[in-house]
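Me: I have a structure in front of me and want to learn how to read it. Can we go through it step by step?

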Amino acid sequence: MNPSEPNQIKPAKPVDELIDSLCATIPDYPQPGISFKDLTPVFADGTALKAVVNALVEPFKGQFDAVAGVEARGFLLAAAAAYATGTGVITVRKAGKLPRDVVSEDYALEYGTATLELHTTDLAPGSRVLILDDVLATGGTLGAAARLFERCGIHVAGVGVVMELDDLGGRAALTGHNVRSLLRL
C-alpha cells in the first residue's frame, strides 16, 4: 500500500475459503486409510481464527450461556468464542482427566472407540451451551458431548464446527440439534 493513500483494507476472503486455503491434509494419520484434516494452521493465523470464531458464534448469538469445547482442538475454539462473547467456557474431556464428579459417555470413532466426560456441576440445569469442535466426521464425539450435557439437564443451543466431512454422515448423530459447519467437504 502506498503510504500517501488512506488506509485501505482489502476485502477478506470468505471464511470457507480461508479455512480451505490454510487447512493441511495428512494422509494415513492416525492410521492407514484416514486422511486427517489438520486445522492448526487455520488457528495459527490470527485473521482466520477471528473469522472462524465470529462465523461460529454469530448464528447462535444470544442463545447460549457458555461455550463448550471438545478435547482437544475444540478447547481452542471454545476459549476464543467464550472470550469474544463474554460467556464461560466448559471443557468436555477424555476419560480420567477431570477431578470432580463426572458423567461419562462412550462413543465410536471412525477408527476406534473412546469415552468423554463432563463435570456434573459446571453448568446449572436449564443452562444453554454452544458446543464447538474442529471437525464433524462420524458424529460420535459431538453426539456424545451433546448427550452428556442433556443428561445434566443442560440445553444444547447448537453445535458449531469448522469443517464437516459429508461422506462420513456425522450429522445423523446430531439429529435434533442446530449444526453450523463453516466448510463442508
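Reply: Let's start with one residue. At 60% relative accessibility, Lys-61 counts as exposed, because exposed means over 50%. Bear in mind that this is a predicted model.

Me: Where is Lys-61 placed in the chain?

Reply: Look for the elements on either side. Lys-61 sits in a loop. Helix H3 (46-57) and strand S3 (66-70) flank that loop.

Me: How far apart in sequence and in space are Lys-61 and Thr-85?

Reply: Keep two distances in mind, one along the chain and one through space. Lys-61 and Thr-85 are 24 residues apart in sequence. From C-alpha to C-alpha, they are 8.4 Å apart in space.

Me: Now Thr-141. Is Thr-141 buried or exposed?

Reply: Use relative accessibility again. Thr-141 has 19%, so it counts as buried, the cut-off being under 20%. This residue belongs to helix H5 (residues 140-151).

Me: Which residues is Thr-141 in contact with, beyond four places in sequence?

Reply: Skip the sequence neighbours and see what remains. Thr-141 is in contact with Val-70, Tyr-107, Leu-109, Leu-116 and Asp-133.

Me: What about the whole protein? How many helices and strands does the protein have?

Reply: Count the elements, then read their order. There are five helices and nine strands. From the N terminus on, the order is α-β-β-α-α-β-α-β-β-β-β-α-β-β.

Me: What does the radius of gyration say about the protein?

Reply: Compare the value with the one for a globule. A compact globule of 185 residues would have a radius of gyration near 16 Å. The protein has 17 Å, which agrees. Along the principal axes, its C-alpha atoms fill a box of roughly 60 × 40 × 30 Å.

Me: How much of the protein is buried, and what makes up its accessible surface?

Reply: Take the inside, then the outside. Buried residues are 43% of the 185. The accessible surface is about 9,500 Å², and carbon and sulfur atoms account for 51% of that.

Me: How far apart are the mean positions of the positive and negative charges?

Reply: Treat each sign as one group. The protein has 16 positive and 22 negative charges, and their mean positions are 3 Å apart.

Me: Last point: what is the mean pLDDT of the protein, and where does pLDDT stay under 50?

Reply: Read the average, then look for weak stretches. The mean pLDDT is 91, and 92% of residues reach 70 or more. Over residues 1-11, pLDDT stays under 50. For that stretch, the model has three contacts beyond four places in sequence.

Definitions and conventions. Residues are numbered from 1 along each chain as its sequence is written. This is a predicted model: local features need pLDDT of at least 70, side-chain atom pairs count only at pLDDT 80 or more; totals for chains, interfaces and linings use all residues. Side-chain values use heavy atoms; hydrogens and water are left out. Helices (H or I, at least four residues) and strands (E, at least two) are DSSP runs, numbered from the N terminus. The radius of gyration is taken over C-alpha atoms; the globule rule is 2.2 Å times the number of residues to the power 0.38. Buried means under 20% relative accessible area, exposed over 50%, partly exposed in between (1.4 Å probe, protein chains only). Accessible areas come from the Shrake-Rupley method with a 1.4 Å probe; for residues, only the protein chains shown count as cover. Lys and Arg count as positive and Asp and Glu as negative; His and the chain ends are not counted. The place of a charge is taken as NZ of Lys, CZ of Arg, CG of Asp or CD of Glu. pLDDT is the predictor's confidence in each residue, from 0 to 100. Contact means heavy atoms within 4.5 Å.
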